[in-house]
Amino acid sequence: MRIGRRTARSANEVALALVALLFLFPVIFTITSSFKPNNEIFQSPPSLWGSEFRWQNYVEVFQNAPFLQYIINGIIQSVGGTLIVLAVSALAAYAFGILRWRGRDQSMLAYLATMMIPQEVLVIPMFLLMQKFGWINTWQALILPWAFGAFGTFLLRQFFSTLPYELVEASRMDGCSNWRTFMKIILPLARPSLAVLAVWTFITYWNSFLWPLIAVNDIHALGNVPLGLQTFFGEHGASWNLIIAASVISIAPTLLLLLLLQKHLVKGIATVGLAGR
Amino acid sequence: MTALAERAPVRTRDRRRRRNDTRAALAFLTPSAAGLTVFILFPSVLAIATSLFHWPTYGDITFAGLDNYAELFSARSDFGPALLNTVVFTLLIVPINLVLTVGVAFWVASSRFRQLYRVLFFIPVVTPSVATAIIWKLLYQPDGVLSWVAGMFGATPPNFLASPSSALLSVVVVILWNGFGYNMLIFSAAIDQLPEDVLAAASLDGAGRWRTMFQMKLPLMTPAIFFATTVTLIQSFQIFNEPYVMTAGGPGTSTITVVMNVYQTAFQSGQLGEAAAPAIVLFVLILVVTLVQWTGQKKWVQYE
């Protein structure tokens, strides 16, 4: 009986591992294929590894397309967007989560309601707005329009509102202004949730596609990695080995962030997701 | 008497604090509220306005009234299929996603390595959707892995993305794969928060495994299920990236979506007003479905 249960347990673990492996097969196969010579990518029967380990694919990605530029562009957009989102959301979350004022909860609800407006509805007016500002093909057009969504405010507010109000009172007794309380007491305490928001925002900007497609004419100068990847895909229809290597490059930063910060990120998303009910 | 005397100063202090806080709140909210107004509220109004005009990217803007809406089904042959596909995508993706993610979340919870699995299943969520589309296009090629597997089982491999009968389902698989980890994570968190003692008591009372599942665990998880359903519904209505990169809406119109229709009309044909109309239709659709969800939740969502 006891042995039976233990075998059942192990069988369960093995089955789950197989399912996870199957689930991740597209990613694994893509990574291993990225080292294959081009003529071995489609083979019958397919193989996981090629006959040679071709690092050269990665070198050629950078030689055949301005991929380094796309990466730099992506970093500028993602870091810029993340900094603004963090600053703006943290300030608003202090007002919603810490301060006490009339109409606070109603205002928070109004903020949450704006999260219902999908980006897809906004792209046309946003394009007109950017035209009016003369911002088409600029960094600010790529960064600013999506930096003020209520998600970050909501996420940080969830954490801020768990902090005791006595903390603010005590710091006021010591003669601190709200600004000082915010900077010296609240922000340091909120570091984990700030990290979650930072990583999530970075990933969102890094992966953004529809808006860059609209706001950018000069892909070389301002295109991020998904945009570069898409044009690269269109132009190099034949050389799958390079396209696949380029895809792996585009995945690498977000995958790395996920693996490095998995505990915080996974926990943060899980709890905020639930609280969003 | 003494109680009253004590309470009064507290109240004035409270009032002063509130006044103080109101002023500070205003200052702390300014950047966010200003950005929200310029970049979300104003564009929302502008979106409705745009849809009432013939508004070419270059050229004269003329008032159109409701023409752009009236023409959606008559003069615009792409919108009908786009709307139909979007609804079909949603009807397929939402139930399949929820059943699979709830199931696998429970399965993962039974494992000793649950934390690891949560991260592994989350990988597609953080993968750029353009890369996801390319990865799957690789697998779906006529001489690719999936055709080979289908052939192994004696099936004649379909040309997954190139044949109208299989293209939509092939895209559905990719979108399911992409969003799987997000909902699974939400449900995993909900499973972690199930009250152990209540469940233990139930099993002491002789409740079997299936009864515990359907009469206790799932009802306790309905808030999470409600949240995940709402988010997944909204996301499914907004599908664009995957079909755009993998099939460009084809073959024919078999995988075109409303958002793709909006994008093509606005930025490839340069007709912003004509494109704003389907965008508004999509928004109203999302709004209605979400409202129905919200009002319906009392019937099946259990909040403690």
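**Exercises on the A–B interface and helix α12(B)**

Chain A and chain B bury about 8300 Å² between them, with carbon and sulfur atoms giving 79%; buried area is the accessible area (1.4 Å probe) that two parts lose on being put together, summed over both. This is a predicted model, where local features need pLDDT of at least 70, side-chain atom pairs count only at pLDDT 80 or more, and totals for chains, interfaces and linings use all residues. Residues are numbered from 1 along each chain as its sequence is written, and side-chain values use heavy atoms, with hydrogens and water left out.

**Exercise 1.** Find how many residues each chain brings to the contact, and which side chains meet in a salt bridge.

*Solution.* Start with the count: 92 residues come from chain A and 88 residues from chain B, contact meaning heavy atoms within 4.5 Å. Next, apply the salt-bridge rule (a side-chain nitrogen of Lys or Arg within 4 Å of a carboxyl oxygen of Asp or Glu). One salt bridge is found across the interface: Arg172(A) with Asp21(B), at 2.8 Å, N to O.

**Exercise 2.** Work out whether helix α12 of chain B is mostly covered or open, and what its buried residues pack against.

*Solution.* First, locate α12(B) at residues 258-268; helices are DSSP runs (H or I, at least four residues), numbered from the N terminus. Then check burial (under 20% relative accessible area, 1.4 Å probe, protein chains only): nine of the eleven residues qualify, leaving the helix mostly covered. Among them are Val258(B), Met260(B) and Tyr263(B). Finally, look at the partners: α5 and α11 of chain A, together with α3, α10, α11 and α13 of chain B.

Key
Chains are lettered from A and ligands numbered from 1 in the order in which they are written. Buried means under 20% relative accessible area, exposed over 50%, partly exposed in between (1.4 Å probe, protein chains only). Helices (H or I, at least four residues) and strands (E, at least two) are DSSP runs, numbered from the N terminus.
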